[in-house]
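Okay, thanks for coming, everyone. I'll walk through one structure today, so let me put it up on the screen.

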Amino acid sequence: MSAVEHFDKVEIDARIAAGFPPVHHLHNRLHIEMPFGLINDPNGLVYHDGAYHIFYQWNPFGCAHKNKSWAHTSTRDFCTYTMPTLALWPSDAHDKDGCYSGCGTMEDGRLRVLYTCNAKDEAGVRSSAQRFGTFVRGAVQKEEIIIKGPPAGFTAHFRDPYLFNWKGARHLVIGAQTADERGCVLVYREQPCGWACLGELRTQLNDFGYMWECPNLLSFGDYDVLVFCPQGVPARDYDRQNIYQAGYIAGHASIDAMEMLMHGRFKELDHGFDFYAPQVMTHEGRHILVGWMGMPDREADYPSCEEGWMHSLTLPRVLTLRQGHIFSEPAHELKALRHRETERPLEAAGESEFSTTLYDLTEILLDLTMGDAYSVSVELLFGLEKLVLRYDRLAQVMRIDRTGMKRGGRGERKFKLYAEQTLSLRMYVDRGAVEVFFQHGEEAATIALFPEKNIRPTMRIFSDVDMEQISGVLWELEPLHFEGERNG
């Protein structure tokens, strides 16, 4: 049966709507996810006609990385969303093996997307083309192919275009791999006769992985940031501990010189276990990031596949750049999800231990004034299972430990974090996900969890000696609302 016959949009959209709201205790309610199938890269993020549009890769037919299509939803406030629908799917010889990642843009009042067409011949040889389409009445109408394949000297690992403007002309960056299997980013410029390859955007990162995916080129005032996902970079003691990374370099992008000038070191955007393929849209001066809460080639870490679905998108984060470092904080619109009547202050002084029960969906603000304490831990307890955040003040190291969970990915992540007197945390606890923002967004961590029991977690804070002060606020949160869902 052909790919065209598999993808029945009417039937698939009806199945999606029938699955909202999800009822399984592991289904997240603060994060976008689907009632069935596998989600991965967010795509086509753009503000158009009064709403933020979010596309994302999705396999409607199972939890394998194939049948790559795009789903779509939109929101005006990051709290209420349109019902997700199938928007783009394989339908011809150019994209028969997958509609891979891409971006969105506004053009002459239309919402357009640019995506990578993936196709393989009978021998399994891949071809990659870049194609525009226009989003009309819930689906992408496929239009012109603007780049038929990679330039000479580059492999068919050539994907994930991202549009930007430079000196009045449209450009795009795209993830690529050289013939000698070195990751890089290529730049194209739109010209009257078509899109011309300007070459590789050079950096000071030599031999930095075998493939760079999902590039974004952003401007923060006088500084530019290249976001990308290198594959094949070795792990270090306090960073790059996932199989693949998602991070950035900050400096000055010169398209004339085809170089990122005076850039700093590569820094990760997130130090958790489950963060990859972020995309950023810019609207009214805000850089808004959405990431994939998952990790390629780690399928055994996500046991929800046994129930028919896999992965989520992260909460929307607003990025700012301070002294060459990206800070990320949840979009302020998410405050509207708070139940004001269940707002609960957290206060204790001169204590080395504190605990409280959380809600099914919880936001927590914590300031831990450490005093003479040098080891401080925040635990989320799910019965006998637990997730631990442990701060070593002397070493200035934060450890995230999920070896206490029975199912899914386990292990530890650790990273450098400076907290002189007060350790500040902002946490969102969903049914199967935790997002933590440290020191007012200086660092972040995304963690997928799969607790066995459907119980409300308990938060326990303890230290080696009495802390000077524990203060904060805890809120019960409303779930995201999807228009047209049952009982909605």
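So, to start: in what order do the four strands form an open sheet? Keep in mind while you look that this is a predicted model. The order is β6-β7-β8-β9, and the pairing is antiparallel. Now look at the edges: β6, residues 99-107, and β9, residues 139-147, each have a single partner strand, so one side of each is left without a neighbour in the sheet. Going from one strand to the next, the twist averages 30 degrees.

Let me zoom in on one pairing there. β6 and β7, the latter covering residues 110-120, run antiparallel and are joined by seven bridges. If you want a spot to click on, Met-106 stands opposite Leu-111 in β7.

Next up, the rings. We have 17 aromatic pairs in the structure. One I'd like to show you is Tyr-244 with Tyr-276, a tilted pair, 6.1 Å centre to centre and with 45 degrees between the planes. Tyr-244 is in the loop between β15 (223-231) and β16 (247-254), while Tyr-276 belongs to strand β19 (residues 276-283), so the pair ties together parts that are 32 residues apart in sequence. Are these two buried or exposed? Tyr-244 is buried, at 9% relative accessible area, and Tyr-276 is buried as well, at 1%.

Elsewhere, ring pairs link up a cluster made of Phe-55, Trp-70, Tyr-115 and Phe-135. And for the cation-over-ring fans: Arg-112 lies over the face of Phe-132, 4.5 Å from the ring centre, and Arg-393 does likewise over Tyr-374, at 5.2 Å.

On to the inside. The largest nonpolar core has 62 residues, and the ones touching the most other members are Leu-172, Tyr-188, Trp-195, Leu-217, Leu-226 and Phe-228. Take Tyr-188 from that list. Leaving out residues up to four places away in sequence, Tyr-188 touches, among others, Ile-147, Pro-151, Phe-158, Arg-170, His-171, Leu-172 and Trp-195.

Last stop, Ser-355. You'll find Ser-355 in strand β25, residues 344-357. With a relative accessible area of 48%, Ser-355 is partly exposed, because that value falls short of the cut-off for exposed, which is over 50%. What does Ser-355 touch, not counting residues up to four places away in sequence? That would be Thr-458, Met-459 and Arg-460. And if you draw a line from the C-alpha of Ser-355 to the C-alpha of Gly-247, 108 residues apart along the chain, you get 35 Å.

Terms used:
Residues numbered from 1 in each chain as written. Predicted model: local features only at pLDDT ≥ 70, side-chain atom pairs only at ≥ 80, totals over all residues. Heavy atoms only, no water. Pairing = 2+ DSSP bridges. Helix = DSSP H or I, 4+ residues; strand = E, 2+ residues; numbered from the N terminus. Axes fitted to C-alpha atoms, helices over the stretch in contact; angles between N-to-C directions. Phe/Tyr/Trp six-rings, centres within 6.5 Å; stacked < 30°, edge-to-face > 60°. Buried < 20%, exposed > 50% of the residue type's maximum accessible area, 1.4 Å probe, protein only. Lys NZ or Arg CZ within 6 Å of the ring centre and 35° of its normal. Core = buried A, V, L, I, M, F, W, Y, C linked by side-chain atoms within 4.5 Å. Contact = heavy atoms within 4.5 Å.
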